[in-house]
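Trainee: I'm new to this structure and would like a close look at a single part. Could you pick one end of one element and take me from there into the rest?

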Amino acid sequence: MFYLATVRYIGRVADDSAAGDRDARGTHQVEALAFYQSIQPEVANADPAADETIMAYVTADPGDITITSRDAALAALNRVSSALLLTRSDLVTSYR
């Protein structure tokens, strides 16, 4: 559940940034961070670089939010799927 919520809000942050909606972006970024913190210990233990990538995204300044950084955060989260007891079929692989 926390994986899916983190993925959802990672995507919403990029959408808000693209739309120039700073208020929504800030709200969704805080929500992404809150959900991510529920699984962060497992992610950080399994792959510290993945944790660093995700944390950089969910705490980034508005000008630093890009589709590339969104995709990097998703890829980093998916790299540690086994530590989250997820199977390949559980993963979100694209925002398209």
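**Starting where helix 1 ends**

Mentor: Let's start right after helix 1, where the next residue is Gly 20, with a positive phi near 75°. Before we go on, keep in mind that this is a predicted model.

Now step back into the helix itself. Helix 1 covers residues 2-19, which is 18 residues. From its first C-alpha to its last it reaches 26 Å, close to the 26 Å expected at 1.5 Å a residue. Quite a few of its residues are buried: Tyr 3, Ala 5, Thr 6, Val 7, Tyr 9, Ile 10, Gly 11, Val 13, Ala 14 and Asp 16. As you read that list, remember that residues three or four places apart in an α-helix point the same way, because there are 3.6 residues a turn. The cover over the buried residues of helix 1 includes helix 2 (22-46), helix 3 (48-58) and helix 4 (67-79).

Stay with Asp 16 for a moment. Asp 16 sits in helix 1, and its relative accessibility is 10%, so it counts as buried, the cut-off being under 20%. Leaving out residues up to four places away in sequence, Asp 16 touches Asp 21, Ala 24, Arg 25 and His 28. You can also look from Asp 16 across to Gly 63: they are 47 residues apart along the chain, and their C-alpha atoms are separated by 12 Å.

One of those contacts, Asp 21, belongs to the loop between helix 1 and helix 2. With a relative accessible area of 37%, Asp 21 is partly exposed. Try following the chain from there to Tyr 36: Asp 21 and Tyr 36 are 15 residues apart in sequence, and their C-alpha atoms are 22 Å apart in space.

Next, look at what helix 1 packs against. The axes of helix 1 and helix 4 come within 9 Å and cross at roughly 170°. That angle is why helix 1 counts as roughly antiparallel to helix 4. On the helix 1 side, the residues that meet helix 4 are Tyr 3, Thr 6, Val 7, Ile 10, Gly 11 and Ala 14. Their counterparts in helix 4 are Ile 67, Arg 70, Ala 73, Leu 74, Leu 77 and Asn 78. Sorted by class, this contact has 8 nonpolar, 3 polar and 1 charged residues.

Thr 6 is a handy link to the other helices. This helix 1 residue has a relative accessible area of 0%, so it is buried. Setting aside neighbours within four places in sequence, Thr 6 is in contact with Ala 32, Phe 35, Tyr 36, Ile 39 and Leu 77.

Follow that to Tyr 36, which is part of helix 2. At 0% relative accessibility, Tyr 36 counts as buried too. Besides Thr 6, its contacts more than four places away in sequence are Val 43, Asp 51, Ile 54, Met 55 and Leu 77. Tyr 36 and Asp 51 are 15 residues apart in sequence, with 9.6 Å between their C-alpha atoms.

That brings us to the packing of helix 2 on helix 3, at an angle of about 170° with the axes 9 Å apart. So helix 2 is roughly antiparallel to helix 3. Gln 29, Ala 32, Leu 33, Tyr 36, Gln 40, Val 43, Ala 44 and Ala 46 are the helix 2 residues here, and they meet Pro 48, Ala 50, Asp 51, Ile 54, Met 55, Tyr 57 and Val 58 in helix 3. By class, 12 residues in this contact are nonpolar, 2 are polar and 1 is charged.

Now put the pieces together. The largest nonpolar core has 23 residues, and those with the most contacts inside it are Tyr 3, Val 43, Ile 54, Tyr 57, Leu 77 and Leu 84. Helix 1, helix 2, helix 3 and helix 4 each supply at least two residues of this core, and helix 1 gives the largest share, 6 residues. Take Val 43 as an example: leaving out residues up to four places away in sequence, it touches Tyr 36, Pro 48, Ala 50, Asp 51, Ile 54, Leu 77, Val 80 and Leu 84.

Finish in the segment after helix 4, where you'll find Leu 85. Leu 85 has 75% relative accessibility, so it counts as exposed. Its phi is near 60°, a positive value in a residue other than glycine. Most residues other than glycine have a negative phi.

Methods:
Residues are numbered from 1 along each chain as its sequence is written. This is a predicted model: local features need pLDDT of at least 70, side-chain atom pairs count only at pLDDT 80 or more; totals for chains, interfaces and linings use all residues. Side-chain values use heavy atoms; hydrogens and water are left out. Helices (H or I, at least four residues) and strands (E, at least two) are DSSP runs, numbered from the N terminus. The expected span of a helix is 1.5 Å times one less than its number of residues. Buried means under 20% relative accessible area, exposed over 50%, partly exposed in between (1.4 Å probe, protein chains only). Contact means heavy atoms within 4.5 Å. Axes are lines fitted to C-alpha atoms, for helices over the stretch in contact, and angles run from 0 to 180 degrees between N-to-C directions. Angles under 35 degrees count as roughly parallel, over 145 as roughly antiparallel, 65 to 115 as roughly perpendicular and the rest as oblique. Ala, Val, Leu, Ile, Met, Phe, Trp, Tyr, Cys and Pro count as nonpolar, Asp, Glu, Lys and Arg as charged, and the others, Gly among them, as polar. A nonpolar core is a set of buried Ala, Val, Leu, Ile, Met, Phe, Trp, Tyr and Cys residues joined through side-chain atoms within 4.5 Å.
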